[in-house]
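User: I'm new to this one and would like to get my bearings. Could you walk me through it in questions and answers?

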Amino acid sequence: MPAPQKKILFCLAGAFSFVCALGTAAAIGTQLWVRGTILCKTGALLVNATGPELEKFIGEIRYGLFHGERVRQCGLGGRPFQFSFFPDLLKIIPASIHVSVILFCTVLIIFTLVGTGFFLYNAFGSPYETLHGPVGLYLWSFIACSCGCLIMILFSSEVKIHHLSEKIANFKEKSFTFKTHSERFADSFWIILACSLVHFLNTLLIRLAGFEFPFSKPKDSGTATGAADLMY
């Protein structure tokens with residue numbers, strides 16, 4: 001591939017990586033990782049609420065990696081509560097998984113920025129092999145993509161397997177019991193998915209620029225060259 005086209009591809013990949021770094025950094029600080037509704041089970045059972053009456057006992061919850069908000073509905077109107085994971089909820093949540101998600105988000109930002117720098121270095125500089133050349137670009141993209149996948153897997157397990165929303169809803173509740181009515185992953189979670197897909201796309205752009213995947217077997221041209229030499 002001609003050099004100008006390679007520069008365009010590497011600049012495009014670098015721009016994608018930089019946008020991903022900004023998106024991940026913004027996603028970490030929001031409350032838009034999970035949105036859901038919580039049912040005041042105790043109140044609903046006391047009045048045997050069904051149908052439209054049940055709506056009076058369904059509140060809302062949303063949270064991110066550091067803080068969130070829930071609206072407590074027990075038949076007498078909504079009461080909003082703010083909560084923080086650190087240090088309030090550390091005793092009731094799977095802290096090791098939650099901290100791992102935050103750490104991998106940090107690693108994702110770092111390696112995405114590193115990848116951005118090396119994409120631009122390969123576009124405008126004179127890179128040499130190993131970690132500065134195409135092998136390094138594949139490596140940074142692979143690590144960033146893997147971090148994004150691990151973030152989604154760990155956070156999904158924390159929410160779905162460990163019932164994170166239900167634990168938050170019942171935090172410091174003595175008279176009422178709450179149950180998750182519905183929940184879904186919100187914008188910030190899907191931003192991480194989009195970033196992972198972008199890093200995978202970047203590996204395809206590197207290949208499109210004419211660089212072989214690492215550990216791929218090069219074509220054996222030695223035999224053909226030897227045969228040509230024998231003819232002369």
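**Three packed helices, then the rest**

Analyst: Let's start with a helix pair: α3 and α4 pack with their axes 8 Å apart, at an angle of about 160°. This is a predicted model, by the way.

User: Is α3 roughly parallel or antiparallel to α4?

Analyst: The angle between the two is about 160°. Anything over 145 degrees counts as roughly antiparallel. So α3, relative to α4, is roughly antiparallel.

User: Which hand does the crossing of α3 and α4 have, and how many nonpolar residues are in their contact?

Analyst: The crossing of α3 and α4 is left-handed. Sorted by class, the contact of α3 with α4 includes eight polar residues and one charged. The nonpolar count there is 20.

User: How do α4 and α6 run relative to each other, roughly parallel or antiparallel?

Analyst: Helix α4 covers residues 134–161 and helix α6 covers residues 187–208. They pack with axes 9 Å apart, at an angle of about 155°. With over 145 degrees as the cut-off, that makes α4 and α6 roughly antiparallel.

User: Which residues make the contact between α4 and α6, and how many of the contact residues are charged?

Analyst: On the α4 side, the contact includes Leu137, Tyr138, Ala144, Ile151 and Phe155. On the α6 side, Phe189, Ile192, Leu193, Phe200 and Arg207 are among them. By class, the contact of α4 with α6 has 13 nonpolar and seven polar residues, and the charged count is one.

User: What about α3 and α6, roughly parallel or antiparallel?

Analyst: Here the angle is about 30°, and the axes of α3 and α6 are 13 Å apart. Angles under 35 degrees count as roughly parallel. So α3 is, with respect to α6, roughly parallel.

User: Which residues of α6 meet α3?

Analyst: α3 passes α6 in a left-handed crossing. From α3 come Leu108, Thr112 and Phe119. By class, this contact of α3 with α6 has four nonpolar, three polar and no charged residues. The α6 residues they meet are Ile192, His199, Asn202 and Ile206.

User: Stepping back, how many helices and strands are there in the protein, and in what order do the elements run?

Analyst: The protein has seven helices and five strands. From the N terminus on, the order is α-β-α-β-β-β-α-α-α-β-α-α.

User: Where is the pLDDT under 50?

Analyst: Across the protein, pLDDT averages 84, and 86% of the residues score at least 70. One stretch stays under 50, and there the model has zero contacts beyond four places in sequence. That stretch is residues 221–232.

User: Is glutamine 73 buried or exposed?

Analyst: Glutamine 73 lies in strand β3, which spans residues 67–73. Leaving aside neighbours within four places in sequence, its contacts include Cys40, Phe57, Ile58 and Phe178. The relative accessible area is 19%, and buried means under 20%, so glutamine 73 counts as buried.

User: And lysine 167, how far is it from lysine 179 in space?

Analyst: Lysine 167 lies in helix α5, residues 164–169, and is partly exposed at 32% relative accessibility. Not counting residues up to four places away in sequence, lysine 167 touches Ile92, Pro94 and His162. Lysine 179 is twelve residues away in sequence, and the C-alpha to C-alpha separation is 8.9 Å.

User: Which residues are joined by a cis peptide bond?

Analyst: Most peptide bonds are trans. In this model, one cis bond has an omega of about 0°. Its proline sits in the loop between β4 (78–84) and α3 (95–124). The bond joins phenylalanine 86 and proline 87.

User: What is phi for histidine 163 and for lysine 172?

Analyst: Most residues other than glycine have a negative phi. Histidine 163, in the loop between α4 and α5, is partly exposed at 47% relative accessibility. Lysine 172, in the loop between α5 and β5 (178–185), is exposed at 72%. Both have a positive phi: near 50° for histidine 163, and about 60° for lysine 172.

Methods. Residues are numbered from 1 along each chain as its sequence is written. This is a predicted model: local features need pLDDT of at least 70, side-chain atom pairs count only at pLDDT 80 or more; totals for chains, interfaces and linings use all residues. Side-chain values use heavy atoms; hydrogens and water are left out. Axes are lines fitted to C-alpha atoms, for helices over the stretch in contact, and angles run from 0 to 180 degrees between N-to-C directions. Helices (H or I, at least four residues) and strands (E, at least two) are DSSP runs, numbered from the N terminus. Angles under 35 degrees count as roughly parallel, over 145 as roughly antiparallel, 65 to 115 as roughly perpendicular and the rest as oblique. Contact means heavy atoms within 4.5 Å. Ala, Val, Leu, Ile, Met, Phe, Trp, Tyr, Cys and Pro count as nonpolar, Asp, Glu, Lys and Arg as charged, and the others, Gly among them, as polar. pLDDT is the predictor's confidence in each residue, from 0 to 100. Buried means under 20% relative accessible area, exposed over 50%, partly exposed in between (1.4 Å probe, protein chains only). A crossing is left-handed if the near helix is turned anticlockwise from the far one by less than a right angle, and right-handed if clockwise.
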